[in-house]
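These are my notes from a session with the structure shown below. I looked up the contact between the chains before turning to a single residue.

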Amino acid sequence: MSEVLIKIDNILKKYDDNVVLDGLSLDIHEGEVVVVVGPSGCGKSTLLRCINALEPIQGGMITFRGEKIDGRSKTITALRQKIGMVFQSYELFPHKTILDNIILAPMKVQKRSRADARKEAEELLDRVGLLDKKDSFPRQLSGGQKQRVAIVRALCMHPDVLLFDEVTAALDPEMVREVLDVILSLAKQWKTMVIVTHEMSFARAVADRIIFIDQGKIVEEGTPSEFFDHPKTERAQAFLQTFTFDKVEKEA
Amino acid sequence: MNWEVIQSYLPLYEKAALLTLKIGWLGIAFSIILGFVCAIIRHYKIPVLHRIVGIYIELFRNTPLLIQLFFLYFGLPKIGIAIDAEFCGVLGLALLGGAYMAESFRSGLESIEPIQTESALSLGMSRTQTIWHVILPQAISSSVPAFVANIVFLLKETSVFSAISLMDLMFTAKDLIGLYSKTIECLAMLVIFYLIILLPVSIVGSIVEKKLRFAGFGE
């Protein structure tokens, strides 16, 4: 198997006395697409936020290519450039145009020239079909369009891994597809990704490995076909059951 | 209403209006700077300083400007710091305004969701870059209405400067009334001069407000 990119080693995350992640360990390899699923409040979004140190952890360690991820360290901004993140609520900067949203960090953080950043931003926007929106403001775009811009914005920093935090959860069903197609095309290019989602058929299509979390622990992991077709644990079986419906038998 | 009287008083009023404007705008300029700094200290809870700033804000928002000016103008010389009346006016206005501006700007900062900061941090931006490029522009544009209201309020407050014998509009009007008893003319001119100063501020303010809120964010 390829090199380990992110090593999550026995991490503990709690808010006061409320334990959210409880001794969780996970290796993410280069080029791998890991999809994290689980019931609401199981800690899957928190896990993503710990990976780029938006949340401090109270125990254990997360390393990126062997380097410790710590929100208070001097190297954190350098590490975060390598770890792109896309949020459920897009979080574009409302006061900047689409183009300026994308090139802000490449220019300010990576000190790239405006022309260079702009050229790449336009190429990426073109690839997701939004080049004509480059001078618009975020509020003029639909949810699906905003989310595609958010993905482009993350990509423009040339991250080694992308974290997707329920990126389609706030979208209308018809817009879900356009966003997921972008992620699928990234998977084809061997991008390393960690994806938290409730879209099970998408998870099955995109994942190399499924991680099922409940109550802050990994309950089950495996390939998509192992997990979806033959879940081993009762907890996973019960979880997957919630996505299938039996035909209603009307009472006589 | 005697037009000759008005004409003969006009130069005095103009001079007084210039003084009001000078002290007013200097005081407001400093109050904005002070307000920004205090708001950032409060919002980001910078240790120790944020307590001091908290006390300052409550103290100056909850006491009248007149009393603050008395302390500065009559109190400071007693402990050996003598300052002239104009400087005292600017300082008083800056301190009072700073407290109001700080609160307005802080509510602007608080209106920005914390996840905007996270979004900027996740792109590898430093805290300072995040504040400068992402948070401040949004916070400023959402506090513009409150800023304009504060500016109008502060310019009006300059009318108490007459109490520390600054020859502003109010002082001039009171003085002339005392000397020549042309009360109607003097008061009418006073109102008109304040309107000349304040109306443009309100009008420009509401234009800026519209521009920032809509054009800037793309509507």
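How much area do chain A and chain B bury between them, and what percentage of it is on carbon and sulfur atoms? I read off about 2100 Å² buried between chain A and chain B, with 60% of it on carbon and sulfur atoms, and I note here that the model is a predicted one. On the side of chain A, I found that F93(A), H95(A) and R139(A) supply 27% of the area this chain buries against chain B, which is more than any other three residues give.

I then looked up the residues in the contact, and chain A brings 27 residues to it while chain B brings 22 residues.

For the polar side of the interface, I noted seven residue pairs in polar contact, both partners at pLDDT 80 or more. The elements of chain A that give two or more residues to the side touching chain B are helix 2 (76-82), strand 6 (83-86), helix 3 (98-108) and helix 5 (143-155). I sorted the residues of that side of chain A into 13 nonpolar, six polar and eight charged.

The count of salt bridges between chain A and chain B is one, and I traced a salt bridge to the side chains of R49(A) and E118(B), at 2.7 Å from N to O.

Last, I looked up T172(B), which I found in helix 7 (residues 169-180) of chain B. Is T172(B) buried or exposed? I entered T172(B) as buried, because its relative accessibility is 8%, under the 20% cut-off. A polar atom of the T172(B) side chain lies 2.8 Å from the backbone oxygen of D168(B). Leaving aside residues up to four places away in sequence, I listed L12(B), Y13(B), A16(B) and M167(B) as the residues that T172(B) touches.

Methods: Residues are numbered from 1 along each chain as its sequence is written. Chains are lettered from A and ligands numbered from 1 in the order in which they are written. This is a predicted model: local features need pLDDT of at least 70, side-chain atom pairs count only at pLDDT 80 or more; totals for chains, interfaces and linings use all residues. Side-chain values use heavy atoms; hydrogens and water are left out. Contact means heavy atoms within 4.5 Å. Buried area is the accessible area (1.4 Å probe) that two parts lose on being put together, summed over both. A salt bridge is a side-chain nitrogen of Lys or Arg within 4 Å of a carboxyl oxygen of Asp or Glu. A polar contact is a pair of N or O atoms within 3.5 Å; within protein, one must be able to donate a hydrogen and the other to accept it, and residues adjacent in sequence count only if both atoms are side-chain atoms. Helices (H or I, at least four residues) and strands (E, at least two) are DSSP runs, numbered from the N terminus. Ala, Val, Leu, Ile, Met, Phe, Trp, Tyr, Cys and Pro count as nonpolar, Asp, Glu, Lys and Arg as charged, and the others, Gly among them, as polar. Buried means under 20% relative accessible area, exposed over 50%, partly exposed in between (1.4 Å probe, protein chains only).
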